[in-house]
Amino acid sequence: MIRRLSRWSVLPILMCTSCTIPNTIEMLGDQSPPPEFGRPGWVRAFAGVGGWAGGIIGGVASIATLPITYPLSLWADEGLGDHSADELILAPAVSMAAVGHAIIGLPADLLDWTFRRAWVEPIDPVTDFTRTPLDGFVVPKLAPPKTDG
């Protein structure tokens with residue numbers, strides 16, 4: 001009975017990072033780099049797997065470093081803004097998710113670049129704007145001097 005209870009008592013501790021890891025992985029998938037740059041789905045899938053692997057390792061590291069990061073987050077909370085405490089506590093989870101995203105996604109991206117993207121016409125994600133000149137700078141004129149007369 002006590003063994004079962006001790007297993008379930010770890011669950012709330014492991015849930016400390018359960019919100020930040022999926023949000024970080026989703027942000028990495030949407031913005032690092034964005035899909036408009038031509039990365040195919042299989043490259044993005046490899047990077048996502050790496051993000052999850054790194055995020056899980058970082059989540060465990062966040063919990064392990066909690067005795068250090070929690071007092072530091074309370075101390076640094078005053079001058080850094082609203083989310084500074086959470087960012088400091090969850091820094092290992094976010095950092096390791098980014099590292100895993102890069103380490104596992106980079107080889108797949110290099111393969112795709114070498115054998116496909118380097119040989120096809122690039123997709124330009126920037127909208128084609130026509131040049132619209134701005135109005136010229138107008139210098140205000142001085143009023144003519146008043147003359148008595």
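**Why these words fit this chain**

The chain has an accessible surface of about 11,800 Å², and 68% of that belongs to carbon and sulfur atoms (Shrake-Rupley method, 1.4 Å probe; for residues, only the protein chains shown count as cover). This is a predicted model, in which local features need pLDDT of at least 70, side-chain atom pairs count only at pLDDT 80 or more, and totals for chains, interfaces and linings use all residues. Residues are numbered from 1 along each chain as its sequence is written, and side-chain values use heavy atoms, with hydrogens and water left out.

Reader: What makes the pattern α-α-α-α-α-α-α?

Author: The chain has 7 helices and 0 strands. Helices are DSSP runs of H or I with at least four residues, strands are runs of E with at least two, and both are numbered from the N terminus.

Reader: Why is Gly 50 called buried?

Author: Buried means under 20% relative accessible area, exposed over 50%, and partly exposed in between (1.4 Å probe, protein chains only). Gly 50 has 0% relative accessibility, so Gly 50 counts as buried. Gly 50 lies in helix α4. Across the chain, buried residues make up 24% of the 149 residues.

Reader: And why does Thr 69 count as buried?

Author: Thr 69 has a relative accessible area of 9%, so the word buried applies to Thr 69 too. Thr 69 sits in helix α5 (residues 66-80).

Reader: Which residues does Gly 50 contact, leaving aside neighbours within four places in sequence?

Author: They are Ala 97, Gly 100, His 101 and Ile 104; contact means heavy atoms within 4.5 Å. From C-alpha to C-alpha, Gly 50 and His 101 are 4.5 Å apart in space, yet 51 residues apart in sequence. With residues up to four places away not counted, Thr 69 touches Leu 88 and Ile 89.

Reader: What lines the largest pocket?

Author: There are 15 lining residues, and Ser 32, Pro 33, Ala 47, His 101 and Gly 105 lie nearest the centre. A pocket is an open set of points, on a 1 Å grid over the protein atoms alone, where a 1.4 Å probe fits, with protein on both sides within 12 Å along at least five of seven lines; lining residues have an atom within 4 Å of a point. Helix α7 gives the most to this lining, with 5 residues.
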